[in-house]
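Here are some notes to read alongside the model. Please keep the structure open and check each point as you go.

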Amino acid sequence: MDLIEHQRRVSFIEWHPTADNILLSTGFDYLVIIWNVSKGAPVRVIDCHPDVIHSMSFNRDGSLLATTCKDKILRIIDPRSGEVVNSGVCHRGSKASRVVFLGETGKLFTTGFSRYSDRQWAVWSEHDLSEPLTIENIDSSSGVLFPFYDNDTRMVYIAGKGDGNIRYYELTDEPPFCHYISQFLTGFPQRGLGVMPKRGLDVYRCEVFRFYKLHATRPVCEPISMIVPRKSQQFQSDIFPDTPAPTPALSADEWLSGKNRNPILINLKTGSGAKTNKPVFLKTEKNILQTSDANNERKFAFISQENKVDYRQKNGYNGDSNGFHNNCHDNPIDKSPESPPRKKFPWIKDREPKKAATMNVCDIVTVQHLPTATFVTLEDDVPEVNCTPSPPLSDDINTLNNSINININNNNNLNNNQMNGISNGIKHETQSFLDTSPPPKNERELWSAFHSQCATIHSLEQQIADKDKRIKDLEELLSRMGCDGQHIY
């Protein structure tokens, strides 16, 4: 697209910071033309400069435009009406001067030359341009100074044409308003400088600004990064606040009609805050933002809707052989001709139900017979305790042993009837454990059978452990009584 309106060479162009498709251009015909790029036609022509325009800058919301001219006058202009809001004498030198708005502070920063050709900078209030808030001389070089302002860190970078260094200052709200910090020094002069938007910086290296230096003596474009020296490699929220996003806050028609709005902000850590580069419209009745890409908005709205699924069972299927209750008749599905038929899922193939098996069918879950579990049964032969017969003893020793056995039985209340009862209990438990039961029909019955068998095994193990303990106690007692008998005889 060609934008043809200037009568002479174009010197500067400037995009509007918040409005969509609004472009400003100035040339050697002393005119400032506002373009609507979407239509390719000029919408305003500002003719208030008697000489060549050296620079121009928008404020934060794009409602005011500041310009410097060869006539040494600093002007603040309303770009929609073309009226000069405020003006005053800027730097008194004959060489070019530059101006930049300092964000939302209501101040301007200018660079230029004094009457004695000393390079200097100054801070101005947009409400009073009769004299600067502060002004300071830098040096006596002849190169034109270019100011670059970072609204997030409130830093001003000053680079001179033909210089090899870049100075940077910090701005405050108290006098003297601007404080020198340091400078970046190189041995190669620069012809011009460009900057990278904040969205393209490496925030984990604490890179707060990046220049692209065009060398004056070599065909080289060198990137220069301004990095805050910090040991941590995590995101530093104090030096990286929310920054303007690529999303326009206003359309061209809204801005031309008189609306102002601050830029849409984006978080540099998460990237949240901007969904598209389309312009954003303001609905006055609801006071909400709506992007012009209505198709994408409808897609996101559809995806965010809750999936309403009817989990009631379909009519026509009966039976509860799988252990689940059939509630199809309790909650019948309305099959009136007004309700549309439910669509089947494309990833589920239609299968014909088996003739012999009955199953409960719901809209989402299909319940079928579970396979019969294989049970682990215990062996019928219970291992017996290895009791070796004692060697034959004399009659006297046998008589003593019989008396010992009688005493043991009397003291511990352990007789043959009780031992038979224990063994009978073990056999009874084993028999009940080995009784075959009908196979489970569903998962719930399978788990119930599993827990029942585990409980039976646990009780058998406990009884066996008690019996082994009692046998050991009796053997120890017999061994002690046997030793006493030998000492007697």
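1. Overall burial. This is a predicted model. The protein has 489 residues, and 33% of them are buried.

2. Secondary structure. The protein contains five helices and 25 strands.

3. Surface and contacts. About 31,400 Å² of the protein is accessible surface, and carbon and sulfur atoms hold 51% of this. Among contacts with a separation of 6 or more, 45% are between residues 24 or more positions apart.

4. A four-stranded sheet. One open sheet has the strand order β13-β14-β15-β16, and its pairing is antiparallel. The edges are β13 (145-150) and β16 (178-185); each has a single partner strand, so one side of each has no neighbour in the sheet. On average, neighbouring strands of this sheet are turned by 25° against each other, direction ignored.

5. One pair in that sheet. How many bridges join β15 to β16? There are seven, and β15 covers residues 165-171. Within this antiparallel pair, Asn 165 stands opposite Leu 185 of β16.

6. A residue to look at. Ser 57 lies in strand β5, which spans residues 53-58. Is Ser 57 buried or exposed? Its relative accessible area is 7%, and buried means under 20%, so Ser 57 counts as buried.

7. What surrounds Ser 57. Apart from neighbours within four places in sequence, Ser 57 is in contact with Leu 64, Leu 65, Ala 66, Val 99, Val 100 and Phe 101. With Phe 101 there is also a polar contact: the Ser 57 side chain reaches the backbone nitrogen of Phe 101 at 3.1 Å.

Terms used. Residues are numbered from 1 along each chain as its sequence is written. This is a predicted model: local features need pLDDT of at least 70, side-chain atom pairs count only at pLDDT 80 or more; totals for chains, interfaces and linings use all residues. Side-chain values use heavy atoms; hydrogens and water are left out. Helices (H or I, at least four residues) and strands (E, at least two) are DSSP runs, numbered from the N terminus. Buried means under 20% relative accessible area, exposed over 50%, partly exposed in between (1.4 Å probe, protein chains only). A polar contact is a pair of N or O atoms within 3.5 Å; within protein, one must be able to donate a hydrogen and the other to accept it, and residues adjacent in sequence count only if both atoms are side-chain atoms. Contact means heavy atoms within 4.5 Å. Accessible areas come from the Shrake-Rupley method with a 1.4 Å probe; for residues, only the protein chains shown count as cover. Two strands pair if DSSP finds at least two bridges between them. Axes are lines fitted to C-alpha atoms, for helices over the stretch in contact, and angles run from 0 to 180 degrees between N-to-C directions.
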